[in-house]
Amino acid sequence: MKIISYPKEETWEQITRRPQMDTAQLSATVRGVLDDVRQHGDAAVKRYEERFDHVALDSLAVSEAEMEEAEHLVSQELRESLELAHANIHRFHAAQRFEGSPCDTQPGVRCWQKSVAIERVGLYIPGGTAPLFSTVLMLATPAKIAGCGEIVLCTPPNREGKVHPAILVAARIAGVSKIFKAGGVQAIGAMAYGTESVPRVYKIFGPGNQFVMAAKQEVSLHDVAIDMPAGPSEVCVVADDSSRADFVAADLLSQAEHGPDSQSVLITTSERLLHEVEKELSAQLAVLPRREIAEQSLANSMMILVGDTDEAIRLSNVYAPEHLIICTTDYEQLGERVVNAGSVFLGNYACESAGDYASGTNHTLPTHGYALAYNGVNLDSYCRKITFQHLTAEGIRRIGRAVEVMAENEQLMGHKNAMTLRINEVNKTTDA
């Protein structure tokens, strides 16, 4: 990891800037696959499955027999872990239910909001180097609570044409409606446009590699909503002299093993801790099964030495990390000052892994600095707020003339006339 000591504040934006990719060729490839799926449906999806996932599929849909088979392939311990995680995720997201209250903005003018679930949502679950069955729980559980009528899931199969059994068991626990064997850009296209097998959805959720992210952004321009723009995953750890070097190193590595383009950042006030973390990283990395991936990620990562925790939290807010771990003695005070982060973990025991799996918060979060403007997936992500209003004759008397004046000054005489007719009607009734 690169070490940066006491950087000046005017350099913070530069040192926290994520690596940029040349996406011109990538975008052209993605558009080509999406166009093919739009035109040729299932046939195109199967063709790309054979090309990219090296499997010839007779059917894209996961059968009931495959669901039952998966139940017997997952250990009882894993099932119980999935059920515990699901219960906590359900509890946390159910507490987010919206209760709108009617508001009388004027006598006779009542306005209110109603939360309505998106009728059909699509979930993308990567299955490349790691089967992300935890993401099934994170995405499907709030969709079910929100009341989405149909929850469609796409995930790549293995070379035998099978979906990882834990993904299928998690999908059943969380209430997924339909599951399809499709990965990458072709899966995003199938859900965005619909095929003979895969229903067209109204919003797509889920992480993925650079091709999946580019595909989501492409289809969001004209065809379907997406949860958020995203890039490689990342963590920032804010630590001081009281922090445990072994914990900090483990947190950095837990992020680094996600992928070679992930990023881990340590911001610390302690030079002693920084060097202890260096040693711990070497020791823990040596026995990590995904060592090669983590090594590539750490090459894009950094440890930053700062003067005090005030400087540390200000630098973190400039970085706007996906995951932020604050394990300083004053973590409560620093936590209050967080303004840019996807999800925050406070204290020595709150590792990122807890939020990734079973504490209850959602792990689908904004990356690549998007935490400056976006939040992570939550119950509202699956709903729309529809506004209602009701006006009485008294309401017309209260706001009618203001509407006429404003419409006339915007030169929208049709708008003015719609109100004028009602004012005249109310005045006739009053005169009578």
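Is the crossing of H7 and H8 left-handed or right-handed? Right-handed, and we'll start the tour there. Before you click, remember that this is a predicted model, where local features need pLDDT of at least 70, side-chain atom pairs count only at pLDDT 80 or more, and totals for chains, interfaces and linings use all residues. Residues are numbered from 1 along each chain as its sequence is written, and side-chain values use heavy atoms, leaving out hydrogens and water.

**Stop 1: the helix pair**

Select 184-193 for helix H7 and 210-220 for helix H8; they pack at about 25°, with axes 8 Å apart. That makes H7 roughly parallel to H8, a label for angles under 35 degrees (over 145 is roughly antiparallel, 65 to 115 roughly perpendicular, the rest oblique). Axes here are lines fitted to C-alpha atoms, for helices over the stretch in contact, and angles run from 0 to 180 degrees between N-to-C directions. Helices (H or I, at least four residues) and strands (E, at least two) are DSSP runs, numbered from the N terminus. A crossing counts as right-handed if the near helix is turned clockwise from the far one by less than a right angle, and left-handed if anticlockwise.

Now show side chains: H7 brings Gly184, Val185, Ile188, Ala192 and Tyr193, and H8 brings Phe211, Val212, Ala215, Lys216 and Val219. Contact means heavy atoms within 4.5 Å.

**Stop 2: the parallel sheet**

Next, colour the six strands of an open, parallel sheet, in the order S1-S11-S10-S9-S12-S13. Strands pair if DSSP finds at least two bridges between them. At the edges sit S1 (2-5) and S13 (343-346), each pairing on one side only. From one strand to the next, the twist averages 15°.

Zoom in on S1 and S11 (302-305): four bridges join these parallel strands, and Ile4 stands opposite Ile304.

Then add the helices. H9 (245-256) lies across S9 (234-239), S10 (263-268) and S12 (323-326), at about 170° to S9. H10 (271-285) lies across S1, S9, S10 and S11, at about 165° to S11.

**Stop 3: Val338**

Pick Val338, in the loop between H13 (331-336) and S13. Leaving aside residues up to four places away in sequence, Val338 touches Ile313, Asn317, Leu324, Ile326 and Val344.

**Stop 4: the antiparallel sheet**

Finally, select S2, S3 and S14, an open antiparallel sheet in the order S2-S3-S14. S2 (103-106) and S14 (383-391) are its edge strands. Three bridges join S2 to S3 (109-117), and Gln106 has Val109 as its bridge partner in S3.
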